[in-house]
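Hi,

Here is the structure I said I would pass on. Have a look at it first, and my notes come right after.

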Amino acid sequence: MSSKKEIPTVPLHRFLKHSLEILKNPLPFHRQNFNEKGDIFRLKVGFNTDVLFIRDTAFAQYVLQKNQKNYVKSKIQTEDLVKYVGEGLLTSEGEKWKKQRKMMQPAFHKKQLENLLIGMQDTIVSEFKKIKTDQTIDVFPILNDLAFQTVVKSLFTKAARENDMERLQFITEANQKMLVKELRQPYLGWWFKSSGVLKKHLNLSNEARTILKGIVEDRKTSGQRFGDLLDMLLETRYDDGKGMSEEQLIDEILIIFTAGHETTSNALTFTFQLLAKHPDWQNQIFEEWRTLKDETNVMTRISNSKVCQQVLEESMRLYPPAYFIDRVNVAADDFNDMHFEAGSNLLFSVYEMHRHPELWEQPELFLPERFEDGGRQFSSQYFPFGAGPRKCIGNNFAMFEMIIAVSELISKYKIHADFDTIEITPLITLKPKNAFLRFEERS
């Protein structure tokens, strides 16, 4: 039997030595290890615990697509996140996930989403009225509200009360922050429980479920149909002809809120920061918008907004909101002469794969022209929405929303940067830190 390659290891003492800086931003530490150890390394994070960090795109394809049946999500999603949002499409595994994916896929088909586009555009235009011109503002809160309101209106049309939605937004964001604390400071788990902090956040989750149940009940008893995502989810059926249980429906809605608004607001913020630093691309988007502005069909406008899409693709290459993909192998496995014991914790760094110097020309530069042909040549190394059967079900929804948002904003304003370099805060998602922009109305 041929001997296996040894996977380079970063020892525990080095992890502990850098623990404070890792807590603030782990990416520079990981990059240094990738540069020193290669595209796969083992990081000891406890005496008997380690995590494999990976930026090998061939291995990512193998795990996410070719041999995906042997790999499941880690307990971060299947246990830690479940207690806040339930067991929906993002957090479920096995037969349950397959059943839910098959059932929900039609609701997120391009043809179905087309019915939501006019409402989506109206919401975006309304939210942009919050922008103040000729002064420096932090644009992230505006885009965060925009993304949340877009999800709300796409799900519920006008059925939801404004104060309920504000409360849902608060709960969603508060619980995400709590989850980050749990993951970054596992040694404080005993304190989170004994102090009542964890119970407080679980009570918030129950409050969110109660609000959503009220909205669902109101829709069922109203007898009205709005053609929104809630209608689609209520009307979908399993193979046996039955619909989702109320609890399952609430799980799915909570996950749409959690996964559907933060990643989009992050991506839009980074995109506007990059455009502020590259006014030539603002001009190109504006000229593209001028050629399309008289087109009444929103889907046609989106489909022809090629420059806008290039900019968004390049933005998500540099700053992928979902910057890590986690998996655990069920059975022992081998890849490229390396052996992986069953139960190995694998973390694929999308951030590093998207900046790998051997895969991308001038990887640190913002060059949207690299996606001019749609980016087909990068399909094996570009994972902004994941890959394989578990690729994000809402990828089309997110892209439609972002193309509308970028086109609408650039059509009205020129953007100027009031920051030197883009800074990041890596939490559950990759968040912007210093999105200070100045907007100038176009004449």
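Below is what turned up on one helix pair, one pocket and one cavity.

Before anything else, keep in mind that this is a predicted model.

**The helix pair**

Start with α10 (residues 140-156) and α11 (residues 162-184). The two pack with their axes 11 Å apart, at an angle of about 120 degrees. Angles of 65 to 115 degrees count as roughly perpendicular and those over 145 as roughly antiparallel, so α10 and α11 come out as oblique to each other. As for handedness, α10 and α11 make a right-handed crossing.

If you want to pull up the contact, α10 brings Asn-144, Asp-145, Phe-148, Val-152 and Phe-156, and on the α11 side they meet Met-165, Leu-168, Gln-169, Thr-172 and Glu-173. By class, that contact is made of five nonpolar, three polar and two charged residues.

**The pocket**

Next, the second largest pocket, which holds about 790 Å³ of space. It has 30 lining residues, and those closest to its centre are Gln-309, Glu-313, Gly-374, Lys-391 and Met-399. If you plan to centre a box there, those are the names to select.

Which elements give two or more residues to this lining? They are α4 (57-66), α17 (298-303), α18 (306-318) and α20 (395-412). Of these, α20 supplies the largest share, with five residues. The lining of this pocket splits into twelve nonpolar, twelve polar and six charged residues.

**The cavity**

How many cavities of 30 Å³ or more are there? The count comes to one, and about 110 Å³ of space lies in it.

Its lining is short enough to list in full: Gln-121, Trp-289, Leu-292, Val-298, Arg-301, Ile-302, Ser-305, Ile-403, Ile-404, Ser-407 and Glu-408. Here the elements giving two or more residues are α16 (279-292), α17 and α20. Once again α20 gives the most, this time with four residues. Six of the lining residues of the cavity are nonpolar, three are polar and two are charged.

**Putting the two together**

One thing to look at on screen is α20, which gives the most residues to the lining of the cavity and also the largest share of the lining of the second largest pocket. Helix α17 turns up in both places too, with two or more residues in the pocket lining and two or more in the cavity lining.

That is all from me for now.

Cheers

Terms used: Residues are numbered from 1 along each chain as its sequence is written. This is a predicted model: local features need pLDDT of at least 70, side-chain atom pairs count only at pLDDT 80 or more; totals for chains, interfaces and linings use all residues. Side-chain values use heavy atoms; hydrogens and water are left out. Axes are lines fitted to C-alpha atoms, for helices over the stretch in contact, and angles run from 0 to 180 degrees between N-to-C directions. Angles under 35 degrees count as roughly parallel, over 145 as roughly antiparallel, 65 to 115 as roughly perpendicular and the rest as oblique. A crossing is left-handed if the near helix is turned anticlockwise from the far one by less than a right angle, and right-handed if clockwise. Contact means heavy atoms within 4.5 Å. Ala, Val, Leu, Ile, Met, Phe, Trp, Tyr, Cys and Pro count as nonpolar, Asp, Glu, Lys and Arg as charged, and the others, Gly among them, as polar. On a 1 Å grid over the protein atoms alone, a cavity is a set of points where a 1.4 Å probe fits but cannot get out, and a pocket is an open set with protein on both sides within 12 Å along at least five of seven lines; lining residues have an atom within 4 Å of a point. Grid points are joined across faces, edges and corners, and a volume is the space filled by probe spheres set on the points.
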